[in-house]
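Hi everyone, thanks for making time today. I'd like to walk you through a structure that is new to most of us, so please have a look at the screen.

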Amino acid sequence: MINLLFTIILSQALTILLLLFKTPLRKLVILGLDRLKRGRGPVVVKTIATTVLVVFASTVYGIVDVMNREVEPGMINPTDQVLLARNMLDASLMGFILFMGLMIDRLHHYIRELRLLRKAMEAAKKQNRSFEDVKNANPDEFKAMGEEITILKSKIKNLESECATKTDEAKTAEAKVEAMKKQSEQLLLEYDGLMQDNKNLRSQLQSIDQDLSPSELKKSI
């Protein structure tokens with residue numbers, strides 16, 4: 001289960017990196033996401049996301065249940081500690097998967113919007129150039145087209161501002177992804193520490209069993 005979750009997270013991180021940087025693979029990823037959002041693709045994605053969300057909620061419920069089963073106030077037996085650590089790691093990984101899936105969807109949407117804005121800007125610039133040519137060829141007609149040129153220039157400014165806004169949003173998304181990576185690394189370190197504590201607890205339990213076995217033999221004699 002954990003290996004599968006880590007594999008999904010790594011694939012999502014790789015997809016986000018390919019979307020952030022302009023490479024030949026970026027076009028392939030965008031085409032793949034475009035096809036995924038057509039036909040039955042959205043239904044399949046929503047079904048998978050709902051399943052992960054239900055499992056995530058069940059894991060969180062298990063964490064709360066283990067925390068409520070305290071032997072003494074503030075103390076949990078070793079078996080419940082291991083179970084709690086496992087459930088916390090599973091819940092964290094599933095939460096990362098849902099968050100990064102949302103990030104991929106938003107990045108894909110913003111990239112498509114940026115492409116449409118750039119195409120609109122290029123069309124407006126070409127139209128502006130044609131009007132400039134008309135101005136040089138027919139000065140009289142230019143006066144009649146002056147208002148239309150002014151409108152087109154204002155549209156270009158609005159498109160440039162929208163493009164800058166989308167670029168800032170993409171940078172913010174990239175910063176969030178980096179923060180999630182750092183948090184994932186910290187969780188991995190905590191998980192290694194918990195596994196080491198688990199080994200120590202098991203060794204202590206074995207030593208206690210070995211110490212108790214001679215005394216039980218004496219009692220039986």
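Let's start on the surface, where L25, L28 and L31 make up a nonpolar patch. Together they have about 310 Å² of accessible area. A patch here takes residues with over 30% relative accessible area and no salt bridge (a side-chain nitrogen of Lys or Arg within 4 Å of a carboxyl oxygen of Asp or Glu); like charges are joined within 9 Å, and nonpolar side chains (Val, Leu, Ile, Met, Phe, Trp, Tyr) within 5 Å. Areas come from the Shrake-Rupley method with a 1.4 Å probe, and for residues only the protein chains shown count as cover.

A word on the source: this is a predicted model, where local features need pLDDT of at least 70 and side-chain atom pairs count only at pLDDT 80 or more, while totals for chains, interfaces and linings use all residues. Residues are numbered from 1 along each chain as its sequence is written, and side-chain values use heavy atoms, leaving out hydrogens and water.

Where does L25 sit? L25 belongs to helix α2, residues 24–36. Helices (H or I, at least four residues) and strands (E, at least two) are DSSP runs, numbered from the N terminus. With a relative accessible area of 47%, L25 is partly exposed; buried means under 20%, exposed over 50%, and partly exposed lies in between (1.4 Å probe, protein chains only).

Now, which residues of α2 are buried? They are R26, V29, I30, L33 and D34. These cover an arc of only 140° around the axis, taken from the directions from the helix axis to the C-beta atoms, so they lie on the same side of α2. The face turned away from that buried side carries the exposed residues P24, K27, L28, L31 and R35. In general, an α-helix has 3.6 residues a turn, so residues three or four places apart point the same way.

Who meets α2 from the outside? L18, in helix α1 (residues 2–20), touches T23, L25, R26 and V29, leaving aside residues up to four places away in sequence. Contact means heavy atoms within 4.5 Å. L18 and I30 are 12 residues apart in sequence, and their C-alpha atoms are 9.3 Å apart.

Finally, the whole chain: it has five helices and zero strands. Of its 221 residues, 25% count as buried. Among contacts with a separation of 6 or more, 75% come from residues 24 or more positions apart. Thanks, everyone!
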